[in-house]
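Here is a structure to look over. Let us ask what stands behind each label used for it.

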Amino acid sequence: MEPLVKTGPLAVSASQLKESLADLQSTSPWYGLTKTLSGFLILGALSWMSLTRESTGAFVAWSVVTGIFYSAFLLLTHDAMHGTLTGWKVFDEVAARLIAYPVIWYHGIYAALHDIHHKMNGSNPRDPERPQWTEDEYASASALRRWTMRNQIWLNCFVWGGFGFLYKHYYQAYKFYKTSRAVRLAIWTDVLGVFTTQGLINYWALSTGNWLRAFCFFIIIERIMGCVHQYRAWIEHYGLWGKQDNAFETQIRNSRNLKTNAFTSFFFDHLNYHSVHHAFPKIPFYHLKKAHERIKTLYAEAGNPLEEDDSYLKTGWRLATKPLVIATHSPVPPAGSQVIPMSQARPRS
């Protein structure tokens, strides 16, 4: 069976990779500061436009626009957790929580789990952000559960949405509660922060007689952001699995690179260049494209091209219509992506 990702012997050494990207791993505060402050201004303006419209149609339309913008703005919390938003630790942590807590996003929990994800990606099934099941998990599931596994992305985006994303991360955090001090601290910090923020928002909404409108505004935001981020988190790694010759190669081959237009890349904070982000998480968002081009050139010169997929929508459709599992006991290639179609999953003999 031909693997989804073709990899041969190690083509580019870790030292080559580190040397080629050494100058791109420092963060200037001004890019992130400008993006953060302008983002708060735009979000405030859009929220005001949404909540002050008298017409229901105008309220919904402006709320949808706000939700789309907020989906992109939330990704700054991802930069903050890696210390690549401004490089100012206190500013990054405070700004991330001001962005996250109004939409009940547990920034601290996600940061702690995301750190574990970067270490386990592609090699350890305990990865809290693993987007696909193993062959054994699928084969042992009930008929209804198998149906949900086959239709994972549709359910995640259009049914579970943002609330499902929140539940997933809180559940994963609970699994690491006893073994990770960082996760324990994050849970209690986030619970306190979210409850305080939501208390203030709801107090304002009730005291001004706008609670129902504010609740509807939140639900519209939740549906849009949930769809966007369920999809983004899924497509970045789905269908890729297999430990490689070193840690850099494992991260590069288990993260998806997507060719897209400049606007979409900017919207997703340039995380379409996902291999280089995983291999070198200290590269700030505004250097990811340049870093991607450099490692792409290195791999091309070594005769082992870096994989790239065409567009978020085309790639998402291909993966959604051909669901995959991680092969746990079927014959798999000795290297590369060790995933197989769900239809080939079978119970252990």
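Q: What makes the largest nonpolar core a core, and which residues touch the most other members?
A: A nonpolar core is a set of buried Ala, Val, Leu, Ile, Met, Phe, Trp, Tyr and Cys residues joined through side-chain atoms within 4.5 Å. This one has 45 residues, and L17, L21, W234, V276 and F280 touch the most other members. Helix α15 (residues 288-301) gives the largest share, five residues. Helices here are DSSP runs (H or I, at least four residues), numbered from the N terminus.

Q: Which residues does F280 touch, not counting those up to four places away in sequence?
A: L17, K18, L21, Q25 and F248. Contact means heavy atoms within 4.5 Å.

Q: What does the second, separate core include?
A: Among its 38 residues are Y110, L166, I187 and F217.

Q: How do you know that C157 is in no disulfide?
A: A disulfide needs two cysteine sulfur atoms within 2.5 Å. For C157 the nearest cysteine sulfur, that of C227, is 4.2 Å away. The count of disulfides is zero.

Q: Why is C157 called buried?
A: Buried means under 20% relative accessible area, exposed over 50%, partly exposed in between (1.4 Å probe, protein chains only). C157 has 5%, so it counts as buried.

Q: Why is C216 called partly exposed?
A: Its relative accessible area is 33%, so C216 falls in the middle class.

Q: How far can the model be trusted, by pLDDT?
A: The model is predicted, so local features need pLDDT of at least 70 and side-chain atom pairs 80 or more, while totals for chains, interfaces and linings use all residues. Residues are numbered from 1 along each chain as its sequence is written, and side-chain values use heavy atoms, without hydrogens and water. pLDDT is the predictor's confidence in each residue, from 0 to 100. The protein averages 92, and 93% of the residues score at least 70. Over residues 1-8 the pLDDT is below 50.

How values were computed. Helix = DSSP H or I, 4+ residues; strand = E, 2+ residues; numbered from the N terminus.
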